[in-house]
There are 2 protein chains.
Amino acid sequence: MKKISSRFSIAVHILSLISMLPMPTGDLIAASVNTNPVIIRKIIAQLKKAGLVNVRAGTGGASLSKTPAEITLLDVYRAVEVVDGNELFNFHEHPNPACFVGANIENALRESMLSAQAAMEQELASVTIERLANKIVACGQRSGWADQGSV
Amino acid sequence: MKKISSRFSIAVHILSLISMLPMPTGDLIAASVNTNPVIIRKIIAQLKKAGLVNVRAGTGGASLSKTPAEITLLDVYRAVEVVDGNELFNFHEHPNPACFVGANIENALRESMLSAQAAMEQELASVTIERLANKIVACGQRSGWADQGSV
DNA sequence: CTCGTTGTAACCAGTTTAGTTATAACCAAA
DNA sequence: TTTGGTTATAACTAAACTGGTTACAACGAG
């Protein structure tokens, strides 16, 4: 099966970085994520459209539009994992309406699908970029990292 | 973004149908789902491998290996949406270990990803095929369906 | 003006999805 | 035992998505 794309984890990485560094450029972020700068710019474009970051064109550099405490992982998820109808689960189309099950399964199943999705999103909404940044620092300290000044 | 494949909803459809009809053939199920019989057989093969259904080769027909009350949507999801490591979220690979964020984000973020996934799966685990079948009947009655005898 | 940066468009290879066709194996019943 | 309907599976297709690349125009501070 296809997983949720790595755009989400990259977007979280980007926002964490912006929250910890002053006005990083796309190239610098790309170096930390270890991917192509265009990938970063595309994802930042989505984050910008969602109102999460500001970007200074020309001279470069990105900053958060809200405080790290105001941005949740759900905001990030919704910004980059766009899907029609915001529905995570796909439904097979056109089940046979002449069959009792085919005619009625969609209504019956969709309810369960939506609550499963809602449970996941609620969990994402409970984590802010601020909390994640703190966790990153804690992970770094636990593993004996001292060089916070580097890229 | 890519949704969770419709295999899941088809698999649930199949199991609901089997729980309500005696030994339906793949072709009959395909008619209800409104797709190609080979699609049905492939999904049934996954359900069989997961120990959810028995299939009578040659003469045809499928039956449940457990009672409808013992099969949850999570069982179906796991049977059909196979993923390496059972992780729904993808992580971008090889973030820069020389960067403070790059070195530590994976540990920090994975925890939140896993609890989001766990919340969704717990919700799926709370619905059984039995409950869903009842809901299908309820939906059918609510919309004035009388012809339960048809395919 | 210039240089580094952002914003896009166009393109590419690999994977997944959903579906099709074809063929072999199976088994009960005639 | 042959026949017919069924299951099992391989091989193939078109479309979509992912992650990535190259190229180029627009921007703006120094």
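A polar side-chain atom of Arg7(A) sits 3.4 Å from a phosphate oxygen of DNA strand D, which puts the pair inside the cut-off for a polar contact (N or O atoms within 3.5 Å; within protein, one must be able to donate a hydrogen and the other to accept it, and residues adjacent in sequence count only if both atoms are side-chain atoms). The model is a predicted one, so to speak of local features takes pLDDT of at least 70 and side-chain atom pairs count only at pLDDT 80 or more, while totals for chains, interfaces and linings use all residues. Residues are numbered from 1 along each chain as its sequence is written, chains are lettered from A and ligands numbered from 1 in the order in which they are written, and side-chain values use heavy atoms, with hydrogens and water left out.

Two other residues of chain A also reach phosphate oxygens of DNA strand D: a polar side-chain atom of Ser6(A) lies at 2.8 Å, and one of Thr35(A) at 3.1 Å. The elements that give two or more residues to the surface near this strand are helix H3 (37–49) of chain A and helix H3 (37–49) of chain B; helices (H or I, at least four residues) and strands (E, at least two) are DSSP runs, numbered from the N terminus. H3(B) provides the largest share, with 4 residues. In total there are 27 residues around DNA strand D, and Ser6(A), Asn36(A), Gly58(A), Lys48(B) and Gly58(B) come nearest; a residue is near a strand if one of its heavy atoms lies within 4 Å of it. Sugar or phosphate accounts for 62% of the atoms of DNA strand D within 4 Å of the protein, and bases for the rest. By class, that surface has 7 nonpolar, 12 polar and 8 charged residues, where Ala, Val, Leu, Ile, Met, Phe, Trp, Tyr, Cys and Pro count as nonpolar, Asp, Glu, Lys and Arg as charged, and the others, Gly among them, as polar.

Now for DNA strand C. It has 27 residues around it, the closest being Lys48(A), Gly58(A), Ser6(B), Asn36(B) and Gly58(B). The side chain of Lys48(A) brings an N or O atom to 2.4 Å from a phosphate oxygen of DNA strand C. Bases are contacted too: a polar backbone atom of Gly58(A) is 2.4 Å from a base nitrogen, and a polar side-chain atom of Lys42(B) is 3.3 Å from a base oxygen. H3 of chain A and H3 of chain B are the elements that give two or more residues to the surface near DNA strand C, and H3(A) supplies the largest share, 4 residues. Of the atoms of DNA strand C within 4 Å of the protein, 60% are sugar or phosphate and the rest are bases. The class split for the surface near DNA strand C is 7 nonpolar, 12 polar and 8 charged.

On to the protein–protein side. Chain A puts 69 residues in contact with 69 of chain B, contact being heavy atoms within 4.5 Å. About 5,900 Å² is buried between the two chains, 70% of it from carbon and sulfur atoms; buried area is the accessible area (1.4 Å probe) that two parts lose on being put together, summed over both. Within chain A, Met1(A), Lys3(A) and Phe100(A) lose the most area to chain B, together 16% of what that side buries.

Between chain A and chain B there are 2 salt bridges, each a side-chain nitrogen of Lys or Arg within 4 Å of a carboxyl oxygen of Asp or Glu. Glu111(B) and Lys135(A) meet in a salt bridge at 3.6 Å, N to O. The polar contacts come to 14 residue pairs, both at pLDDT 80 or more. On the side of chain A that touches chain B, the elements giving two or more residues are helix H1 (7–20), helix H2 (26–33), helix H4 (73–80), helix H5 (100–125) and helix H6 (129–142). H5(A) gives the largest share, 19 residues, and that side divides into 38 nonpolar, 21 polar and 10 charged residues.

Over all chains, the whole structure holds 10 salt bridges. Arg78(A) and Glu121(A) form a salt bridge at 2.7 Å, N to O, linking helix H4 of chain A to helix H5 of chain A across 43 residues.
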